[in-house]
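Here are some short exercises to work through with the model open beside you. Try each task before you read its solution.

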Amino acid sequence: MELLLDEVESPIGGLLLVASGGAIHALDFADCAPRLRRLLAARHGAVALRRAADPHGFSSRLRAYFGGDLGALSGIPVEPGGTPFQRRVWAELQRIPPGATRAYGEIAASLGRPSASRAVGLANGRNPISVIIPCHRVLGASGALTGYAGGLERKRWLLAHEGAAGAAPGSGPR
C-alpha cells in the first residue's frame, strides 16, 4: 500500500502526516517516527511512504491550527484503524472541544463503561493521529498531566495553545 507523507513544522517540532484516499491515517511527531511506522505496519502491513506536499490540504490545515485557528482541524476525515472500542474512544476524544479537557474516567462513563478508565487510557496511548484526534486533552482524575507519546511538555504546550485552564508551563493540575 502506498501512503502520502508530508512533514509539517510546528512550534513544538516537526510532525509526520500520513494520508491516503482523502483521509489522514497517521500524524505523529518526527522524533516519534518509529512509533508511527509500527502503528502503520500493524494496521496496513508493508507500506510505501511517498513524499507529497500538502496532501488533500491537510498540512495547510495543520499549519493554520498551529497559527491560532483552533477550528482548522475540525471535520478532517481520519482513518485510524483500531478495534471497535478504540474507535469509540477516539471518536469521543474528537468531541472534546479545544480548550476543554476530560479525565479518563469521564470518557469511560460517556461510553457507558464507567469502570473502563484503564482501557480508555490504553486506547488513548495507541492513538495514531495525534493532535487531530486530541488525546492531549485527556488528563488524570486529579487533573494532572499524564502520559503523552510526544512528551508532557508538548502536551502542556498544546493545552496552553488551546486555552485550557491550568495548562501554562509550570502550572499544576487543572
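pLDDT is the predictor's confidence in each residue, on a scale from 0 to 100. This is a predicted model, where local features need pLDDT of at least 70, side-chain atom pairs count only at pLDDT 80 or more, and totals for chains, interfaces and linings use all residues. Residues are numbered from 1 along each chain as its sequence is written, and side-chain values use heavy atoms, leaving out hydrogens and water.

**Exercise 1.** Find where pLDDT stays under 50.

*Solution.* Begin with the whole protein chain: its average pLDDT is 91, and 95% of the residues score at least 70. Next, go to residues 168-174, where pLDDT stays under 50. For this stretch the model has 15 contacts (heavy atoms within 4.5 Å) beyond four places in sequence.

**Exercise 2.** Work out the strand order of the open sheet.

*Solution.* Strands are DSSP runs of E, at least two residues long, numbered from the N terminus, and two of them pair if DSSP finds at least two bridges between them. The order of the 4 strands is β3-β2-β1-β4, with mixed pairing. At the edges lie β3 (23-29) and β4 (48-51), each pairing on one side only. Now follow β2 (residues 15-20): β2 and β3 are antiparallel over 6 bridges, and L17 has L27 in β3 as its bridge partner.

**Exercise 3.** Classify the packing of α3 and α5.

*Solution.* Helices are DSSP runs of H or I with at least four residues. Axes are lines fitted to C-alpha atoms over the stretch in contact, and angles run from 0 to 180 degrees between N-to-C directions. For α3 (residues 84-94) and α5 (residues 117-125), the angle is about 80° and the axes are 9 Å apart. The two helices are therefore roughly perpendicular, a class that covers 65 to 115 degrees. Residues in the contact include W90 of α3 and V120 of α5.

Terms used: Parallel < 35°, antiparallel > 145°, perpendicular 65-115°, else oblique.
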